[in-house]
Structure formats: C-alpha cells, structure tokens
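Visitor: Could you take me through one part of this structure, slowly enough for a first-year student? I would like to look closely at the sheets of one chain and at what surrounds them.

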Amino acid sequence: MTAMVEATHVSVAYDRSVVVRDVSLTIEPGEWVALIGPNGAGKTTLLRALAGLIACSGAVFMDGRPLESLSRRELARRVALVPQSPSTPPELTVSEYVLLGRTPYIAYFASESAADSAAAAEALERLGLVEFAERRLHTLSGGELQRAVLARALAQHAPLLFLDEPTSALDLGRQQQVLEQVDTLRREDGLTVIAAMHDLSLASQFADRLILLDRGEVVAQGKPQDVISESRISAFYGANVRILHDNGEVFVLPRRRETG
Amino acid sequence: MSSEQVAAVAVPVHVRARGISLRWGIGAAAFLLLAMLVGLGVGPVRIGPGSIVESALSHLPFLHIHSPLSVVDSAVVWQLRAPRVVLGALVGAMLAVAGSAYQGAFRNPLADPYLLGVAAGAGLGATLVISYLSAQKGSGLLLPLAAFVGATASVVLAYALGRSVGGVRSTGTLILAGVTVAAFMTAAQSFVQQQRAQSLLEVYSWLLGGLGSSTWHDVALVAPYIVVSSIVLVLHRRVLDVLSLGDEEAASLGVNVRRTRLVIVAAATIGTAAAVAVSGLIGFVGIIVPHTVRLLVSTSYRAVVPLSFVVGAGFLVLTDVVARTILSPSELPIGVVTAFLGAPFFALVLRTTRYTSP
C-alpha cells in the first residue's frame, strides 16, 4: 500500500534560521497523526510545508506523487487545511462559506454546480450546521465557527485533513466535541488526519501516533504511551507533569513544582 | 412509524450562493436608465423623458415612430448630451468596478483605483502634454495617451517596488509602495507645472476632472478598454470571494494567488487609466459605489462587482448633471462634486469598517 504522505529529509528555512530540520515521516492511509512539541518547535511550519504552501527542501510524496508535480488545484483536491486562526469574513453566511470549500472543483470563471451545492449541504448536515446555514459568520459562537471551518474543509472532499491547533480557542467540552466529530468523519470517510496539537492528553487519546518535534527536529515518534513520558515532557517542554495510564489511555497532568 | 418516515426524507438544506436577486438587478438597471434619461433631458433646454424615448425609438428601423423633437433639440440630445452621458456612464462604471476589485484583491475596504498612484501618474502625463505640447497640433489625442501611460507606469513601478521589498505576501507593503510612487509623481508634476506657469489653468481644470467636451470620438476611444477590463473583473467575482479568506487559505483551496491578484490589478488599472485619460481625475467613485452596494445588497463580490458596474454608471451620470447645473451657466468640475460626497462617505466607511491589518 502506498503511504498517504511520505516526506524525506524535509527542511524549511525562513531567511536564514532553519525552522524545520531534516524531517522524515510516513503517514499511512486512515491514520490520525498528531504533531506535538513546545511553542516554536516547527509544527505549523511542517504542516504548511507538507500542504505545499511554503517551499521546502527534501522530498514530499502525496499518495505516491511528488508534491511539486501537483498543480495548486490538484493539491487542493487532496489536502484540506484548517489553519489555526482561519479568516472568516464576518458578513458571509455559513452556507456561502462552506461552498467556498468547493473551489478546487469549480472552473476558474464558472459558478458552483448542483453537485457542489449538494456537497456543501452534506457537509453542513454532517456537522450539525443545517439550522445555521443562513446565519452570518459573525453571529456564531467559537464552537459553531470551528464546525463551520471543518464543514468547509469537509466539502473539499480531500482524503487528507490537516488541522493546525483545531481546538485551541475552545472550552473543554467544545474541544472534545470537535475532535470527536473529526474522528467520526475520519472513520466514515476513511480520511487521514494530521493535526498539530497543543493538549497532550487530547493528542494521546485521539491520535494513533504522535510525532514529537523540538527545534524543528523529530525527537520521538510512536504510539502515545511510548512517546509520552515524564522525562521527555520535562526535557522538551520544560514542564513538570505526572502521567497517568488508565485502560490504555494516557493523561498528562501538569504539576506545580515542589518547593524546598 | 409514519413520523419516522417523514424524518427519514427530511428536506435537505438548500445551499446556494447569493448572487444578485432579480429585485436588485431590476432596481439597478432602472436606476441607470433613469439617470441616463435625466442626463439627456436636463440642461439649458429641458426635454421630457417621453420625447427622448420616442426620439430614440425613431432611430430603430421598422418601428415607424416619428421623433417629436425638432432638429435642434435632436442635435442637443444626441450630439451634445448623449456622448457626455455615455462617457460618464462608462467612466463611472469602470471606476466603481475597479474600486471593488482593488478592495477584494488587497483585502482592504479603503482601497480604490488611485491607491497605486494611478491619479498621480496620469496627472504627470497630462501635465507634461499640456505644458509642453499644448500649442501643437495633435495634442488632443496625446493627452489621453500620456495620462494612460503615466497611470499604468505608476502601478507597474508600485508593484515592482512592493515586490522588491518582499511584499509579495503582504498587501500593506504594496499600498505603501503606491504611496511612495504617488509622492514622487506628484513632486515631478508640481515641478513641471511651476516651470510652465502659463498653462496652470489648463492643468488644473484637467486635474479636477470633467466630462465637458465629450464627443462620440472619446467614447469610441475608451469603450474597448473599459468593456474588456470590466468583463475580466466581473468574471473574477467568485474568485474575489475566495481571496477574501486571505492568501494562504485561498492557496489551500487551489487558487494561484499571485497570478490571480496580478490579473485583477492589471485589468482594474488598465480600465481606470483609460477612464482617467478622457475624464481627468474623478475621485471616490470606487469607494462610494461598492460600499453602497455592500450596505444595501450583500458583501459577496458576486453581487458587489456586477452591481458596482451598473450603479457606478448611473451614479456618475447623475453627478455630472449636478456638476453642470448647480452653478449654471458655468460648470463645477465633476471631481469636486464626487469629493464633496466621497470624503464624508470615506470617513463613514473608515469608522464602521471591521478593518484588519493585511
């Protein structure tokens, strides 16, 4: 089976500082892989490089095809990206916004077809947004807005879903809801998910595999219970944590340093 | 049991993009038609709209309608006023459409055709011709040509400067580059103007804008540029909505952002340069008209771009009627009227707009 994404020796430099250094990784179809690491570790940059949005050295293969051989449009049919802080034009309605996700299928000067409308309608239904279809984006709450952004990505009908900190602006309940929805979509449609994630407990519970980045390099990867350890979190995040294992689930609990 | 079946065939949500509703389409067309009838009818000789329509229909074959107008009135309407009205409509349509396109391409609600130094460049070109070639034969055609070249050169310079300082991704850099180029062009224009003080009046009356001496020849000169540019921009209306998501997201949706922005800016600039070449500098149309459409109809470019074309045409025709009647028998430069209306409007947009730094 061809890997969904295969990257070998990928490096990205802004001006002269190297932000991603010699990263090689393989993502299998249907996997959920979480990129973790402290702020500035290069998670977002790596996602953008894999999505073909910034130039990188090394090689990236998407479903067996080299990234640079794909046109912007072909790439957009393969990868749907949910950025960390998406622009949501305030006056657009939810259905108009979701319809923009059909752009890779619409000829440059053409309008949406009935099939595009149907795809957008399906995305709205699956994310429980039907009642919000005619609402303007600025009237939505944070959780509703995040669902609208996911619906737009879903309407893109891409086998790969890239999420950059998809839940960083949401409360605890909304975080779980959104991630559960992503997981449902993944199971039902066989999507492959690569997500940069902040919360290590959530990352461990939702992802099949974690890739720990530090200063642009992969320092550990594997199953959550193998990657997450008190010594690693201390070394790379500079954090004092306790790790609980319960029924195969991993919980990362921050602790205040003991004094004296 | 039956209620479950009903639920199973629930009405699917109907998703469509709001374009222009029939109501607004007809409303805008009616506005333009009304504006043109006013433009043709109002002046030292008042001619009723009914007579104008009948006179227009009498030019059509097979209808056998006799024009109710005298030969003199007919000449007033069709040789004096009609070219002025049509030129005003074309220039207004172009400035408004270009304004909406600039606002979309730069994601800046205050952008307008003059942003990248179009006005300053055209001003320099026109001043050069008026100051040095005014007495010579053939300057009648050279003036629009020089204004056109000056306007286009400014934008090319601004674009090159913006890119050379790494402004490919940031629209803010491009806008600052436009301001820089405009400042330089204005300085050069002032230098030429002071050096040839005898042509000061002519330069000023051109700079303030006017449709005073319009002929069918002017219409034929600029119509092709304006029509082609406007068609290109109207075709980009959906892509402009995608660009409103920002460069990175538009790219992730499969749009080649740099190339698209270049095409949009080029079309808007060429059309604007053609309009400026025959009408002089008429400011604020590109701000007033698109924002009025946004307030009344929709913020989607699917509505804003085509409606700006129609409404902009009617708007400038009516503005020209005000300019030539308010101080009758003398004329107020049309640029003064649009500035009177536009500057407060600009302030209003500045206060109410949700402006995010690009």
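Guide: Here is a walk through the sheets of chain A, then the core and the contact with chain B. Keep in mind that this is a predicted model.

Start with the sheet of 4 strands. It is open, its order is 2-1-4-5 in chain A, and its pairing is antiparallel. Strand 2 (17-27) and strand 5 stand at the edges. Each has a single partner strand, so one side of each is left without a neighbour in the sheet.

Now go across this sheet. Strand 1 and strand 2 of chain A are joined by 7 bridges and run antiparallel. Look for Val5(A): its bridge partner in strand 2 is Ile27(A). Strand 2 also holds Asp22(A). This residue is not a glycine, yet its phi is positive, at about 50°. Most residues other than glycine have a negative phi. Asp22(A) is partly exposed, with 14 other C-beta atoms within 10 Å.

Next comes the pair of strand 1 (residues 5-14) and strand 4 (residues 57-62) of chain A. They run antiparallel, with 5 bridges between them. Ala7(A) has Val60(A) in strand 4 as its bridge partner. Strand 4 then pairs with strand 5 (residues 65-66) of chain A through 2 bridges, again antiparallel. Here Met62(A) stands opposite Arg65(A). Strands 4 and 5 of chain A form a hairpin, with 2 residues between them. In that turn, Asp63(A) has a positive phi of about 55°.

Move on to the sheet of 6 strands. This one is open too, but its pairing is mixed, and its order in chain A is 6-7-8-3-9-10. Strand 6 (79-82) and strand 10 (217-222) are at the edges. Each of these has a single partner strand, so one side of each lacks a neighbour in the sheet. On average, neighbouring strands here are turned by 15° against each other, direction ignored.

Within this sheet, find strand 3 (residues 32-36) and strand 8 (residues 192-196) of chain A. They run parallel and are joined by 4 bridges. Leu35(A) stands opposite Ala196(A) in strand 8. Helix 1 (residues 43-50) of chain A lies across strands 3, 7, 8 and 9, and runs at about 145° to strand 8. Between strand 9 and strand 10 of chain A there is a loop, and Arg215(A) is found in it. Arg215(A) is not a glycine, but it has a positive phi of about 45°. It counts as partly exposed, with 15 C-beta neighbours inside 10 Å.

Leu35(A) leads us into the core. The largest nonpolar core has 192 residues, and Leu35(A) is among those with the most contacts inside it. Val98(A), Phe162(A) and Ala101(B) are also on that list. Helix 4 (residues 71-106) of chain B gives the largest share of this core, 17 residues. Beyond its neighbours within four places in sequence, Val98(A) is in contact with residues including Ala120(A), Leu124(A) and Ala151(A).

Finish where the chains meet. Here 30 residues of chain A are in contact with 25 residues of chain B. On the chain A side, helix 2 (72-78), helix 3 (94-99) and helix 4 (114-126) each supply at least two residues. Helix 4 of chain A gives the most, with 5 residues. By class, this side of chain A has 19 nonpolar, 5 polar and 6 charged residues.

Conventions:
Residues are numbered from 1 along each chain as its sequence is written. Chains are lettered from A and ligands numbered from 1 in the order in which they are written. This is a predicted model: local features need pLDDT of at least 70, side-chain atom pairs count only at pLDDT 80 or more; totals for chains, interfaces and linings use all residues. Two residues are in contact if their C-beta atoms, placed from the backbone, lie within 7 Å. Ala, Val, Leu, Ile, Met, Phe, Trp, Tyr, Cys and Pro count as nonpolar, Asp, Glu, Lys and Arg as charged, and the others, Gly among them, as polar. Two strands pair if DSSP finds at least two bridges between them. Axes are lines fitted to C-alpha atoms, for helices over the stretch in contact, and angles run from 0 to 180 degrees between N-to-C directions. A nonpolar core is a set of buried Ala, Val, Leu, Ile, Met, Phe, Trp, Tyr and Cys residues joined through C-beta atoms within 7 Å. A residue is buried if 20 or more other C-beta atoms lie within 10 Å of its own, exposed if 12 or fewer, and partly exposed in between; C-beta atoms are placed from the backbone.
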